[in-house]
Amino acid sequence: MKTLAFAVVVTMASSLCAMAASDVAKSPPAAPYEQVSKLVKLPDFLPGMGQLFVDPTTLPAGPFLAYDHDGKLVSTIYMLPIKDLNPDKRFDDLAAPGGNVDHVDVYYNAGHPGVPEPHVHVVLWHVSATDEARVAK
């Protein structure tokens with residue numbers, strides 16, 4: 001009986017993760033996500049990143065959802081301020097709303113509209129490195 005109960009819980013948890021990922025799999029994602037280019041002065045599509053959506057209440061860190069030209073989710077991006085990368089601050093339980101992560105990139109950014117202070121981009125790619133080309137241009 002315990003094994004059956006455990007199996008039901010695992011199945012339900014997996015289904016919830018799959019449902020959450022499918023909720024954001026296509027652009028535009030549901031509220032509370034908003035198109036970044038409508039919140040700040042940025043183009044609708046950023047080469048190398050894609051079309052971005054974010055829940056404004058989570059700024060500046062995000063998560064930002066990034067979509068290719070066909071409206072398919074390619075990555076989840078966090079923008080972590082450099083000033084917050086210290087022993088007194090933690091970024092725990094960073095979610096990957098898009099589901100499975102193929103690989104992760106981390107790089108410095110000096111700032112841009114919406115996140116003007118220097119920060120680190122943590123990019124959780126939901127596609128292979130080869131498929132990153134879908135947002136290259």
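1. The salt bridge between D84 and K83 is a convenient place to begin, its closest N and O atoms being 3.6 Å apart; a salt bridge here is a side-chain nitrogen of Lys or Arg within 4 Å of a carboxyl oxygen of Asp or Glu. The two partners differ in how they are covered, since D84 is buried with a relative accessible area of 18%, whereas K83 is exposed with a relative accessible area of 59%. In these terms, buried means under 20% relative accessible area, exposed means over 50%, and partly exposed lies in between, with a 1.4 Å probe and protein chains only.

2. Before going further, the reader should know that this is a predicted model, in which local features need pLDDT of at least 70 and side-chain atom pairs count only at pLDDT 80 or more, while totals for chains, interfaces and linings use all residues. Residues are numbered from 1 along each chain as its sequence is written, and side-chain values use heavy atoms, with hydrogens and water left out.

3. The structure holds 4 salt bridges, and one of them joins D92 to R90, with the closest N and O atoms 3.0 Å apart. Of this pair, D92 is partly exposed at 46% relative accessibility, and R90 is exposed, with a relative accessible area of 63%. Another salt bridge is formed by D131 with R134, where the closest N and O atoms are 4.0 Å apart; D131 is partly exposed at 32% relative accessibility, and R134 is also partly exposed, with a relative accessible area of 30%. D131 and R134 are linked with D68 in a network of salt bridges.

4. As to the overall layout, the chain has 2 helices and 6 strands, which follow the pattern α-β-α-β-β-β-β-β when read along the sequence. Helices (H or I, at least four residues) and strands (E, at least two) are DSSP runs, numbered from the N terminus. Of the 137 residues of the chain, 38% count as buried, and the accessible surface of the chain comes to about 8,100 Å², of which 62% belongs to carbon and sulfur atoms. Accessible areas come from the Shrake-Rupley method with a 1.4 Å probe, and for residues only the protein chains shown count as cover.

5. Contact means heavy atoms within 4.5 Å, and among contacts in the chain between residues at least 6 apart in sequence, 51% join residues at least 24 apart. Residue D23, in helix α1 (residues 2-23), is exposed at 52% relative accessibility. Leaving out residues up to four places away in sequence, D23 touches P29 and A30. The C-alpha atoms of D23 and P97 are separated by 8.6 Å, although these residues are 74 residues apart along the chain.

6. Which residues touch the most other members of the largest nonpolar core? Among its 17 residues, these are L52, F64, I77 and M79, and the elements that give two or more residues to this core are β2, β3, β4 and β6 (119-125). The largest share, 3 residues, comes from β4. A nonpolar core is a set of buried Ala, Val, Leu, Ile, Met, Phe, Trp, Tyr and Cys residues joined through side-chain atoms within 4.5 Å.

7. Two residues give a closer view of contacts in this part of the chain. Not counting residues up to four places away in sequence, F64 touches V36, F53, V54, L59, S75, T76, I77, M79 and V115. S75 lies in strand β4 and is buried, at 1% relative accessibility; leaving aside neighbours within four places in sequence, S75 is in contact with F64, L65, A66, V123, L124, W125 and H126.

8. Rings of Phe, Tyr and Trp (its six-membered ring) pair if their centres lie within 6.5 Å, and planes under 30 degrees apart count as stacked, over 60 as edge-to-face and the rest as tilted. By this rule the count comes to 1 aromatic pair, formed edge-to-face by F53 and Y67, at 5.6 Å centre to centre and with 90 degrees between the planes. F53 lies in strand β2 (residues 51-54) and Y67 in strand β3 (residues 64-67), so the pair ties together parts that are 14 residues apart in sequence. Both F53 and Y67 are buried.

9. On the surface, I82, L85 and Y108 make a nonpolar patch of about 290 Å². Patches are made of residues with over 30% relative accessible area and no salt bridge, like charges being joined within 9 Å and nonpolar side chains (Val, Leu, Ile, Met, Phe, Trp, Tyr) within 5 Å. I82 sits in the loop between β4 (73-81) and β5 (103-109) and is partly exposed, with a relative accessible area of 34%.
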